[in-house]
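Welcome! Below are some short exercises with worked solutions, so keep the structure in view and try each task before you read on.

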Amino acid sequence: MSDAEIIRFREDNSSSAQDKVLCGICHRQFSRYTCPECNVSYCSLTCFRSEAHSQCSETFYRKEIQTSTKAKSKTSEERENMLEMLKRLEDQMQEEDSNLLHDQHEADSDADDLVHRFAGVDISSATSDELLRLLTKEERDKFFKAVNDPTSQLAQHLLDSHELRSARQEPWWEASLEGSPSGSMRYGSTPALMEVPLDLSKHQSSSPCLIYNICAVLIAYAFTTRRLSVSPLSSAGDDASDEVEARRIISQAVPFLVARQSKVLYSDLSSAITDVWSRFDPGSVGVESFSVLLNDLSIIVKPRKVVAVQASSDDSSLNDHPSIALLAALSDLSGLFAPRPMGASSHIQMKVRYYAAQILSTPQHVLRALAEELQANAQSLRAEAGTVMSELRLPGKNRDTS
């Protein structure tokens, strides 16, 4: 800053007579300025700074120095405040990093503890109860939460592993669908068809309609296939535990199938759906999951529109029947409940063969209409599931966590 700016000169704009007043300090030049302190007229900065005018100039410079010092002190104070804020921010970040490391250490400790608890346990032969006892209450709750909601992010994360993907088998009835996913997907093989005596199908016209009972059985069949990831179910005999569990689930869902004397007769699809759904283990089948089962059943029930011409003269062959998928599903059930070791047919197999005979005598338009009804129910449940999820995501909604 120039001296002219530092010193607060006040130019005298007086009349022309006053312009010829001599400098009150040097008395040689005409004055141009007036001192703001003593009002003496002076001609230049030299006269203002002269010893004769020191009583004013020293006071002026002293004030300017004080003002400048205060400004510098304020700037220094602001800088110190800024440094203090940065220091607090750094301390906070270090604390957060420390907490993160602590949480990571606890997570690693928990993982080490879990490994220690399962050390020496043969998971392949241990029962589910034995494995669950090794988990903490928090771990069990987390596990069952994932099991009860297979569409949750946690469940998808648990299922997303190379080992599970390589061992998982998709239902056989999806393999023939147009546009079915390929690549890493593994589909089960179509079950071999059982023999259905022709005379058995000829006497079905006078029998009560069991089509909705068959639907109930096949809902349980589709659920078991997906639950155990075994396709076809008749191949579960390779693993005794899978075979036992498959028989248990189906026997629980449709007890009339395994009962020797049963008078259960569903009059419509709705009653069959309601009864089977209520018999699954609590929390094991949600709305969205059940819609998948109904969609599975619509695929199995729907007759083929195009049937290949038989190359064989064997009229008893069922391989080219329009309802081959439905017959294959019933054949798979028959194979699941075959006596071990193989022997005479069980009463369950005889009942399933009777169901197959009724399918052979049912007009194709009836089965096609049934498939459409199943698909409509599946779409309705999917819409209901979507509405429920939307309501749960809305703020302020009470969520039942029980």
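**Exercise 1. A pair in helix 10**

What separates Arg248 and Glu245 in helix 10 (residues 240-253)?

Step 1. Start with the model itself: it is predicted, so local features need pLDDT of at least 70 and side-chain atom pairs count only at pLDDT 80 or more, while totals for chains, interfaces and linings use all residues. Residues are numbered from 1 along each chain as its sequence is written, and side-chain values use heavy atoms, with hydrogens and water left out.

Step 2. Find the helix. Helices (H or I, at least four residues) and strands (E, at least two) are DSSP runs, numbered from the N terminus.

Step 3. Because Arg248 and Glu245 are three residues apart in helix 10, about one helical turn separates them.

Step 4. Now look at the side chains. Arg248 forms a salt bridge with Glu245, and their closest N and O atoms are 2.9 Å apart. A salt bridge here is a side-chain nitrogen of Lys or Arg within 4 Å of a carboxyl oxygen of Asp or Glu.

Step 5. Check the cover. Buried means under 20% relative accessible area, exposed over 50%, and partly exposed in between (1.4 Å probe, protein chains only). Arg248 is partly exposed at 33% relative accessibility, and Glu245 is partly exposed with a relative accessible area of 28%.

**Exercise 2. More salt bridges**

How many salt bridges does a search of the whole structure find?

Step 1. The search finds six salt bridges.

Step 2. One of them joins Glu174 to Arg226, with the closest N and O atoms 2.7 Å apart. This pair links distant parts of the chain: Glu174 is in the loop between helix 7 (162-167) and helix 8 (198-202), whereas Arg226 is in helix 9 (residues 211-228), 52 residues apart.

Step 3. Compare the two partners. Glu174 is buried, with a relative accessible area of 19%, while Arg226 is partly exposed at 28%.

Step 4. Turn to helix 12 (residues 269-279), where Asp275 and Arg279 lie four residues apart, about one turn of the helix. Asp275 forms a salt bridge with Arg279, the closest N and O atoms being 3.3 Å apart. Salt bridges that share partners also join Glu174, Arg226 and Asp296 into one network.

**Exercise 3. A lysine and its surroundings**

Which side chain of opposite charge is nearest to Lys351?

Step 1. Locate Lys351 in helix 15 (residues 347-361).

Step 2. For charge, Lys and Arg count as positive and Asp and Glu as negative; His and the chain ends are not counted. The nearest side chain of opposite charge is that of Asp275, 13 Å away. Lys351 is buried yet has no salt bridge.

Step 3. List the contacts, meaning heavy atoms within 4.5 Å. Leaving out residues up to four places away in sequence, Lys351 touches Phe256, Leu257 and Ala259.

**Exercise 4. Cysteines**

How many disulfides does the structure hold?

Step 1. A disulfide is a pair of cysteine sulfur atoms within 2.5 Å. The structure holds zero disulfides.

Step 2. Try Cys35, which is in no disulfide: the nearest cysteine sulfur, that of Cys38, is 3.7 Å away. Cys35 is buried, with a relative accessible area of 0%.

Step 3. Try Cys209 as well. Cys209 is in no disulfide, and the nearest cysteine sulfur, that of Cys215, is 9.2 Å away. Cys209 is partly exposed, with a relative accessible area of 49%.

**Exercise 5. Helix 14 and the whole protein**

Is helix 14 mostly covered or mostly uncovered?

Step 1. Helix 14 (residues 324-336) has 13 residues and reaches 18 Å from its first C-alpha to its last. That is close to the 18 Å expected at 1.5 Å a residue, where the expected span is 1.5 Å times one less than the number of residues.

Step 2. Helix 14 is mostly covered, as eleven of its 13 residues are buried. Among them are Ile324, Leu330, Asp332 and Leu336.

Step 3. Set this beside the whole protein, where 30% of the 402 residues count as buried. The secondary structure of the protein comes to 16 helices and three strands.
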